[in-house]
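Please take a moment to look at the chain before reading on, and keep it in view as you follow the paragraphs below. We will go through it part by part, beginning with a term that helps in describing where a residue sits.

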Amino acid sequence: QVQLVESGGGLVQPGGSLRLSCVASGSIFSINTMGWYRQAPGKQRELVAVIASGDSTNYADSVKGRFTISRDNAKNTVYLQMNSLKPEDTAVYYCNAYRAVGNLRMGDCWGQGTQVTVSS
């Protein structure tokens, strides 16, 4: 089992920046893909960004050019740098980890979520 703990959320003005962190512990050898999802009130959870083995990345169209996902394997940590934040980025952000085997997702794990609010 993998435990994920997020931090770094908060209140920021439009145009501002935040950096989210997610530290993984436990059976981290069992995962090779980590990512960030978000869920706004009344909406479904959606993928924001993912980073796989070899550091290949994928982003939602709505955040391309503004958000950057990265990882520090020595610290078992994945980051989400969020710039040029918009009110529509307001959501609870969740860290996710799993082992990708071909097209299969194995051992999905989720953090508890961290609130990001973009408002003036």
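A residue is called buried when its relative accessible area is under 20%, exposed when that value is over 50%, and partly exposed in between. With this in mind, and remembering that the model is a predicted one, we can turn to S21, a residue of strand β3. Because its relative accessibility is 13%, S21 counts as buried. If we leave out the residues up to four places away in sequence, S21 touches V5, E6, S7, W36, T77, V78 and Y79.

Strand β3 belongs to an open sheet of 4 strands, whose order is β1-β3-β8-β7 and whose pairing is antiparallel. Which strands lie at the edges of this sheet? They are β1, covering residues 2-7, and β7, covering residues 67-72, and each of them pairs on one side only. From one strand to the next, the twist averages 15°.

We can now walk across the sheet, pair by pair. Strands β1 and β3 are joined in the antiparallel sense over 6 bridges, and within this pairing the bridge partner of V2 in β3 is G26. Strand β3, which runs over residues 18-26, also pairs with strand β8, residues 77-82, again in the antiparallel sense and over 6 bridges; here R19 stands opposite Q81 in β8. Strand β8 in turn pairs with β7, antiparallel and over 6 bridges, with S70 placed opposite Y79. Strands β7 and β8 form a hairpin that has 4 residues between them, and N76, which lies in the turn, has a positive phi of about 50°.

The edge strand β1 lets us look at the two sides of a strand. In a regular strand the side chains alternate between the two faces of the sheet. In β1, the covered face is made up of V2, L4 and E6, while the uncovered face holds Q3, V5 and S7.

From here we can move to the loop between β3 and β4, where I28 is found. I28 is described as partly exposed because its relative accessible area is 27%. When residues up to four places away in sequence are not counted, I28 touches V2 and N76, and so this loop residue meets V2, a residue on the covered face of β1, as well as N76, which sits in the turn of the hairpin. I28 and P87, on the other hand, are 59 residues apart in sequence and 34 Å apart in space, taken from C-alpha to C-alpha.The next topic is charge. By the rule that a side-chain nitrogen of Lys or Arg must lie within 4 Å of a carboxyl oxygen of Asp or Glu, the count comes to 5 salt bridges. One of them joins the side chains of R38 and E46, at 2.7 Å from N to O. R38 counts as buried because its relative accessibility is 6%, whereas E46, with a relative accessible area of 35%, is partly exposed. The side chain of R38 also meets that of D89 in a salt bridge, at 2.9 Å from N to O. This pair links distant parts of the chain, since R38 lies in strand β4 (residues 33-39) and D89 in the loop between β8 and β9, 51 residues apart. Both R38 and D89 are buried. What do R38, E46, R66 and D89 form when they are linked? These four residues are linked in a network of salt bridges. Another salt bridge is formed by K64 and D61, whose closest N and O atoms are 3.1 Å apart, and D61 counts as exposed because its relative accessibility is 64%.

Finally, we come to strands β9 and β10. R99 is found in strand β9, which covers residues 91-101, and R99 counts as partly exposed because its relative accessibility is 35%. Leaving aside neighbours within four places in sequence, R99 is in contact with F29, S30, I31, N32, L104, R105 and M106. R99 and S119 are 20 residues apart in sequence, yet the distance in space is 36 Å from C-alpha to C-alpha. L104, one of the contacts of R99, has its place in strand β10, residues 104-110. Because its relative accessible area is 54%, L104 is exposed. Together with V101 and M106, L104 makes a nonpolar surface patch of about 270 Å².

Methods. Residues are numbered from 1 along each chain as its sequence is written. This is a predicted model: local features need pLDDT of at least 70, side-chain atom pairs count only at pLDDT 80 or more; totals for chains, interfaces and linings use all residues. Side-chain values use heavy atoms; hydrogens and water are left out. Buried means under 20% relative accessible area, exposed over 50%, partly exposed in between (1.4 Å probe, protein chains only). Contact means heavy atoms within 4.5 Å. Patches are made of residues with over 30% relative accessible area and no salt bridge: like charges are joined within 9 Å, nonpolar side chains (Val, Leu, Ile, Met, Phe, Trp, Tyr) within 5 Å. Accessible areas come from the Shrake-Rupley method with a 1.4 Å probe; for residues, only the protein chains shown count as cover. Two strands pair if DSSP finds at least two bridges between them. Axes are lines fitted to C-alpha atoms, for helices over the stretch in contact, and angles run from 0 to 180 degrees between N-to-C directions.
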